[in-house]
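Please look at the sequence and the structure shown below. The paragraphs that follow lead through them step by step.

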Amino acid sequence: MSKPGGSTITAIEQDHAKIDRNTRESSLRAGRNILIVEDDVSLAGFLCQELQAESFGVDLVHNGEEAFETLQGQKRYDLLILDLNLPGLDGVSLLQKLRPSMPRLPLLVLTARHSIEDKVKVFQHGADDYLVKPFSFVELLARVRALLRRNSGMIPNCSQVGDLVLYREERRVERNGRRIDLTPREFAIVEYMMRNAGKPISRATLFEEVWNAPYDPSTNIVDVYMKYVRDKVDLPGERKLTHTIRGIGYEFRHD
Amino acid sequence: MTESGLKTEGLSSDTRSTVALICAHFSEGLHAMAQPLTVLRSAVITATAPMVSPGDQKRYMQISADQVEGACQLFQSLQDLLFAWQNEADRELIDLSELLASVCDVQGKVLKQSGMIFVSASPEALPPMLGDKDRTLQALFALLKITASVSAPGDSIELRVKPTVQGFALTLQNTRAQGRHLKSAARLSMALAEANIRSQQGDFRFVEDPFCISFTLPGGDADSC
């Protein structure tokens, strides 16, 4: 017989282990935008805050109509977190409306319904994953990351510019066999620049993609970080791969 | 079977409808409870993780405290809902005019402070009502509060009361409240109000968009008691 509360303690310990692992584990979160559709203001605010703390760009809407309008707008989202029990246009109707035009948008459904029929219905309507409330944020985070990782299959695991090689899954960057230690932010910059190698990238674009925030021209944070990256990537005597494009920003290229 | 999967074969159609309604009400309650429990579960787990800073720990504990408070209120509503369905309503003669006056006085002030206009249209004197005073008071207060929750400053909330052959027909509406929807806690509160009205043999109808609640309360005289 298990002691009272034993299972709860075990569950919390397991969740702590997940948090530790998540902290160490590589991720592709920088530059990823998530739209949360949840009518409960308190829960929505909490999820938004926690996902932002994990460096995701997060927008929040509270009903189906607003979600549909937001998704038709200019901004590109990498993931949709959708509560099923929404006022007005409910979650299932929104799914049916969205899927024809956005078949590849990863979609995580939140639901308080837990019957097998409900779960099957959610998948039949086009969800990629679901979580039953009350859930724990660490589980949501793990599922978000799994969905993003799955969706990043279109981007090859390995990128190469000259002798600079980046391994996304392993979160490793090497130049001519030399391992380059990068902070998460520096890695996000190198990853984005290598994905767009040969193209000049403006400071504003780089800031918005990596910092998930609107660019403030008065800040020189992009230049500061690019210097850190350049110092690590282009050592004295090595061929220059990071280039400054005057009046625009930066470019990674192998001449 | 009801939508919830509860077996109702062999029950009369009225009983089946009541069972379906009770299931729907408790489903609202469970859905409402799931929200604070999700935040609470997440906040407690994160707050007790090894590398959380003392500042974050304090913030998560505050979030947890707020959610516990919210969950307790919802739990109370669920208990009240169970009580409303399990116990018979009182049948006593009530002066509905007096009851309405006290509700309108208190809630009218709250609505005015929030910048809303409250209009109550009711005949000067109403015949007696035969029902449960506490349940009627809960329903009137809750429904006005719910209507206010979907209203904005400048909106006009109207409460109309009309005597009918069977008793009273009441309508509570805000025609400007379009496209505004009830939160899960408000839906539970409405479920409780509906249970309290139906337990007095009243009818209850609700249209979300534009916002309108209509319900009936039973009339009576001294012989009916």
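Two strands are said to pair if DSSP finds at least two bridges between them. Helices (H or I, at least four residues) and strands (E, at least two) are themselves DSSP runs, numbered from the N terminus. The model is a predicted one, in which local features need pLDDT of at least 70 and side-chain atom pairs count only at pLDDT 80 or more, while totals for chains, interfaces and linings use all residues. Residues are numbered from 1 along each chain as its sequence is written, and chains are lettered from A and ligands numbered from 1 in the order in which they are written.

Chain B offers a suitable starting point. Its mean pLDDT (the predictor's confidence in each residue, from 0 to 100) is 89, and 94% of the residues of chain B reach 70 or more. In this chain, five strands form an open sheet of mixed pairing, in the order β2-β4-β5-β7-β6. The edges are taken by β2 (117-121) and β6 (204-207) of chain B; each has a single partner strand, so one side of each is left without a neighbour in the sheet. On average, neighbouring strands of this sheet are turned by 10° against each other, direction ignored. Within the sheet, strand β5 (residues 167-174) of chain B and strand β7 (residues 211-218) of chain B run antiparallel and are joined by eight bridges. Which residue of β7(B) stands opposite B:Gln173? The residue is B:Cys212. Helix α4 (residues 133-149) of chain B packs on the sheet, where it touches β4 (156-163), β5 and β7 of chain B. Contact here requires that the C-beta atoms of two residues, placed from the backbone, lie within 7 Å. The direction of α4(B) makes about 20° with that of β5(B); for such angles, axes are lines fitted to C-alpha atoms, for helices over the stretch in contact, and the values run from 0 to 180 degrees between N-to-C directions.

Chain A has nine helices and 12 strands. Of its 255 residues, 35% are buried. A residue counts as buried if 20 or more other C-beta atoms lie within 10 Å of its own, as exposed if 12 or fewer do, and as partly exposed in between, with C-beta atoms placed from the backbone.

Helix α3 (residues 64-72) of chain A illustrates these terms: its buried residues are A:Gly64, A:Ala67 and A:Leu71. They lie on the same side of α3(A) because they cover an arc of only 55° around the axis, the arc being that of the directions from the helix axis to the C-beta atoms. An α-helix has 3.6 residues a turn, so residues three or four places apart point the same way. On the other side of α3(A), A:Glu69 and A:Gln72 are exposed. The buried residues of α3(A) pack against β1 (33-37), β2 (57-61) and α4 (91-98) of chain A.

Chain A also contains an open sheet of four strands with antiparallel pairing, in the order β6-β7-β8-β9. Its edge strands, β6 (158-161) and β9 (178-180) of chain A, each pair on one side only. Four bridges join β6(A) to strand β7 (residues 164-167) of chain A, and A:Ser159 stands opposite A:Leu166 in β7(A).

Finally, the two chains meet: 20 residues of chain A are in contact with 20 residues of chain B. On the side of chain A that touches chain B, α1 (6-24), α2 (41-53) and α6 (137-151) of chain A give two or more residues. The most come from α1(A), with four residues.
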